[in-house]
Amino acid sequence: MIIRPATDADGAALAALIARIFAEYPGCRFVDAEFPELKAPASHYRAQGGQLFIAEDAGRLVGSLAATMTRSPGTAELFKVYVAADQRGSGLAQRLFAEGEALVRGAGARTIVLWSDTRFARGHAFYEKLGFARQPVSRYLADASATWEFCFRKALAG
């Protein structure tokens, strides 16, 4: 298992991973047009001053996590937090989070936020295990899945 910086060529494999994960949840649909950043995912996050990390197992893309700083001083945001079903519980997600956290700490982050589909309860428990707290706010995306998302926040220790 390796974790490496993404390339733009990873877009199709990442889209396929996200589509497989969405298929695990009733009513959660992957629509390619709703993810234009996957056409050139590395460039997309690099343009925001961040990075997308990819996990590969024997050449198969099995996980991802992107991290960027936000316009709010000292605050970073995580995106594209996905791990293939057969890799959950293996420690891979913790390794991806460590990569993302190290990146944003180095950029001066004191807080990390992320948004997660309300249907992803197992992921929410994992975020809380890592020290994230669910915030008293949600947002509606008006996408093909009629997605509502919860916000999670983690304060980084000095």
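Me: Hey, how do α3 and α4 sit relative to each other, parallel or oblique?
Reply: They are oblique to each other, because angles under 35 degrees count as roughly parallel, over 145 as roughly antiparallel, 65 to 115 as roughly perpendicular and the rest as oblique. The axes of α3 (residues 92–106) and α4 (residues 121–129) come within 12 Å and cross at roughly 55 degrees. Axes here are lines fitted to C-alpha atoms, for helices over the stretch in contact, with angles from 0 to 180 degrees between N-to-C directions. Helices (H or I, at least four residues) and strands (E, at least two) are DSSP runs, numbered from the N terminus.

Me: What should I know about the model?
Reply: This is a predicted model, where local features need pLDDT of at least 70, side-chain atom pairs count only at pLDDT 80 or more, and totals for chains, interfaces and linings use all residues. Residues are numbered from 1 along each chain as its sequence is written, and side-chain values use heavy atoms, leaving out hydrogens and water.

Me: Thanks! Back to the helices: which residues make the contact of α3 and α4?
Reply: On α3 they are A93, Q94 and F97, and on α4 they are F126, Y127 and K129. Contact means heavy atoms within 4.5 Å.

Me: And where does α3 lie on the strands?
Reply: α3 lies across β1, β2, β3 (60–69), β4 (75–83), β5 (111–117) and β7 (148–155), running at about 25 degrees to β3.

Me: What's the strand order in the sheet?
Reply: The open sheet has 7 strands in the order β1-β2-β3-β4-β5-β7-β6, with mixed pairing. Two strands pair if DSSP finds at least two bridges between them. The twist averages 25 degrees from one strand to the next.

Me: Which strands stand at the edges?
Reply: β1 (2–5) and β6 (133–140) do, each with a single partner strand, so one side of each has no neighbour in the sheet.

Me: How does β1 pair with β2, parallel or antiparallel?
Reply: Antiparallel, over 4 bridges, with β2 covering residues 51–57. I2 has E56 in β2 as its bridge partner.
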